[in-house]
Amino acid sequence: MNIKIKAETNPIFNSNFNYGNIKSKYGIESLYFTKNEKPYMIVAGELHFSRVPRESWRRELLKMKECGLNTVSTYVFWNFHEEEKGAFDFYGNKDVKEFLKICKEIDMPCILRIGPWCHGEVVRGGFPKRINRMTRKRTNNPIYLKEVEDFWNRLYEEVKEYLDGETVLAIQIENEYSGQIDHIKTLKKLAEKIGYKAPFFTMTLWPSNKPDNELLPLVGGYPDEPWSGKRRKTEPSNRFAITPLRSDTLIGTDLIKNQVKSDNNILKTIPFASCETGPGNQVTNLRRPFISEKDGYGVCFAKFAAGCNWLGYYMFHGGRNPSGQLMQESRKTFYPNDCPIIDYDFQAPISRYGECRSHGDLLRLMHMFTKYFDSNIVTKNAYFPKWNSLNPKDISFLKCSVRMNEEMSGYFFVSTYEKNLKYNDFENVNVVIETENKSIKLPEVDIKAGSMFFYPFNIDIEDIHFDYITAQPIAKLNVNGRTTCYFVECEGVLPKYSVNGVEKELDINIDGQCLENSKIKLVVLPIEKAKELHIVNNQVVFSKGTVYVDDNIIYCETTEGYLNSQIIKEIDVKNEISFEKCDKTSLPHNSYLFSHSKKQYYSLKVPSSLLDDNFDVELKFNFSGLNLQVFSGKTIVNDYFNIDGNFVMRLREYKEYIENGELIFKTSDRTNFGAGHVYQEIVPEKRVNNLTLESAKVVNLVSEDV
């Protein structure tokens with residue numbers, strides 16, 4: 001297969017952007033963002049402070065930072081803080097001031113998404129009931145604007161200390177707005193009148209799709225569309241394809257129909273930035289997509305390959321709604337979908353309990369590249385071959401790109417993965433990149449179906465010029481006076497390097513190869529080993545578990561694994577826990593189990609000493625039913641819409657409930673009709689409703705000085 005990529009001149013220039021209202025270290029060019037006048041990649045991930053226990057905020061933010069994120073995004077849900085007029089609540093898990101204080105302490109700038117309408121699968125999109133009853137809400141109605149002003153004034157008192165141009169990087173106004181942009185501008189003026197200041201004010205590009213020089217437009221896209229309510233596999237839609245089109249017109253179609261495609265020519269003058277690139281998906285009752293490792297990585301990889309220079313992930317860290325309340329959107333609240341009452345795990349790279357999943361490891365490798373191998377990747381334009389067709393089921397051609405500079409030094413990106421679509425292998429792929437007066441031919445390779453990778457070409461490392469290196473770069477470090485470059489194998493591609501047309505093979509191992517007559521060492525890691533790689537204080541650390549660094553101490557959190565030479569052994573405590581069927585119990589929220597079948601009840605008893613003596617305890621259950629709920633007395637404290645038959649609970653979050661006595665589980669089974677008839681990618685057996693405790697293990701927390 002022959003592929004030609006033509007690189008047309010796309011100069012970088014200063015434009016008439018007016019996205020900020022404060023002097024700061026951040027700036028913007030037509031292609032990328034800057035920090036201290038140097039090109040800068042913003043890597044932002046969503047974590048909702050009000051959906052995560054306050055005592056774990058610092059730890060979980062540090063985990064995100066270890067995954068390569070340099071910014072956190074968060075919603076401020078109005079009804080979490082002022083459901084009743086004038087009764088403000090900024091305490092406990094809702095203390096946004098304390099959250100921002102931690103962000104400043106650990107140098108993790110924050111994007112505040114202040115609404116007033118947020119969505120986020122929260123009831124009424126975050127509106128208090130009185131606001132939702134208004135006939136002219138989300139307009140320039142003076143009565144509505146006065147209510148917004150009152151709330152924003154009170155919120156300002158909490159956050160004003162951190163509107164310093166550093167802690168709060170950006171403020172998003174509204175969300176998924178389908179009206180005239182004039183209203184969003186009115187809200188921005190109102191925020192500025194109150195005193196809100198930030199380097200950037202942003203808006204979602206969908207569905208208005210009208211880029212504006214006063215609000216930075218941000219795009220989105222997800223691996224599936226559970227909001228659609230379709231009870232079948234998602235049709236391929238190029239959401240995983242490396243494409244020059246930035247916005248996904250399928251996002252948000254539960255609330256807004258007939259979205260308009262973006263004017264891609266206008267967007268070429270604005271840096272490619274996203275706020276809702278999805279490495280996961282929330283489940284709804286009718287639709288349960290399973291997010292695999294490649295699903296969670298694929299959309300994000302494609303955006304990066306297409307030139308995205310502000311990577312904004314939603315969600316990067318899962319969470320939960322407050323116990324004992326009904327804060328989730330549902331059909332009872334006139335929304336198209338039913339969401340779990342409590343669970344907001346989102347199948348995110350970091351779970352609601354703080355465990356880094358495999359797609360989080362893959363994303364960390366991609367982010368490390370932007371920090372430790374090529375911090376100027378943002379200055380490299382993305383170029384694409386001509387597509388045979390826009391039909392997302394057309395697998396006759398290769399979806400690929402290059403990101404390179406004017407000297408034609410850069411990276412070749414390829415993806416042959418699309419959820420629910422099977423590609424064929426591409427053999428003898430020959431890529432030629434052309435500019436007006438030069439061309440480069442990349443090495444011939446075979447590309448396996450389902451693979452995603454990139455490799456460098458025409459690059460200099462120290463004093464050696466490489467024609468190419470067919471392995472994906474991770475980091476470039478000075479180790480004992482030698483420049484050591486770490487790579488991960490490209491799936492199905494033999495790692496090789498070429499210098500002056502002479503090609504040599506590279507071994508895949510942790511030891512690497514020193515190049516003759518140079519101070520360069522090339523290390524190509526197998527994928528599973530690369531997923532254990534961390535860089536701390538310019539040192540390479542390998543660890544199996546969830547890692548974070550705090551005050552020059554590296555921590556590893558896992559049930560079993562290792563941290564450098566420390567072996568973390570499994571500690572089984574299943575015999576200390578009682579889990580058995582019990583008699584029917586009168587409990588609320590039965591309708592949210594969405595099944596008319598006979599329910600099952602189980603009792604869980606845990607000795608409080610287990611949590612006194614250990615960092616945490618992880619329970620894993622096998623579940624064959626539709627949905628389950630967990631209660632302490634009459635208070636619902638957890639729930640689960642079955643995705644893959646594996647239900648996980650970490651118990652520290654429930655310590656106060658455990659100390660008060662048993663937890664009761666209530667389960668329902670899947671039916672052939674009604675609300676119990678759902679789409680599940682991993683299909684359990686119908687009319688079966690079993691819940692068994694598979695394992696109970698101590699979650700260990702070990703540390704080392706670095």
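Which residues are buried in α1? They are Trp-57, Glu-60, Leu-61, Leu-62, Lys-63, Met-64 and Glu-66. The model is predicted. Its protein chain has 12 helices and 42 strands. The radius of gyration is 25 Å, close to the 27 Å that the globule rule gives for 706 residues, so the chain is as compact as a globular protein of that length.

**Overall build**

- The C-alpha atoms fill a box of roughly 75 × 60 × 50 Å along the principal axes.
- Of the 706 residues, 62% count as buried.
- Among contacts with a separation of 6 or more, 73% join residues 24 or more positions apart.

**Surface and charge**

- The protein chain has an accessible surface of about 27200 Å². Carbon and sulfur atoms hold 45% of that surface.
- The chain carries 90 positive and 94 negative charges. The mean positions of these two sets lie 5 Å apart.

**Helix α1**

- Helix α1 covers residues 57-66. In this helix, 7 of the 10 residues are buried, so α1 is largely enclosed by the rest of the structure.
- The buried set includes Glu-60, Lys-63 and Glu-66. It also includes Trp-57, Leu-61, Leu-62 and Met-64.
- Gly-68 comes just after α1. Its phi is positive, at about 95°.

**Cysteines and disulfides**

- A disulfide is a covalent bond between the sulfur atoms of two cysteines.
- How many disulfides does a search of the whole structure find? The count is 0.
- Cys-356 is in no disulfide. Its nearest cysteine sulfur belongs to Cys-67, 3.8 Å away. A disulfide needs the two sulfur atoms within 2.5 Å, so this pair does not count as one.
- Is Cys-356 buried or exposed? Cys-356 counts as buried, because its relative accessibility of 15% falls under the 20% cut-off.

**Cys-582 and its surroundings**

- Cys-582 is partly exposed, with a relative accessible area of 27%. That value lies between the 20% and 50% cut-offs, so Cys-582 counts as neither buried nor exposed.
- Where is Cys-582 found? It sits in the loop between β34 (578-581) and β35 (600-605).
- Leaving aside neighbours within four places in sequence, Cys-582 is in contact with Tyr-601, Tyr-602, Ser-603 and Ile-664.
- Cys-582 and Ala-273 are 309 residues apart in sequence. In space, they are 52 Å apart, C-alpha to C-alpha.

Conventions. Residues numbered from 1 in each chain as written. Predicted model: local features only at pLDDT ≥ 70, side-chain atom pairs only at ≥ 80, totals over all residues. Heavy atoms only, no water. Helix = DSSP H or I, 4+ residues; strand = E, 2+ residues; numbered from the N terminus. Rg over C-alpha atoms; globule rule 2.2 N^0.38 Å. Buried < 20%, exposed > 50% of the residue type's maximum accessible area, 1.4 Å probe, protein only. Contact = heavy atoms within 4.5 Å. Areas by Shrake-Rupley, 256 points an atom, 1.4 Å probe, with all protein chains shown as cover. Lys, Arg positive; Asp, Glu negative; His and termini not counted. Charge placed at Lys NZ, Arg CZ, Asp CG, Glu CD.
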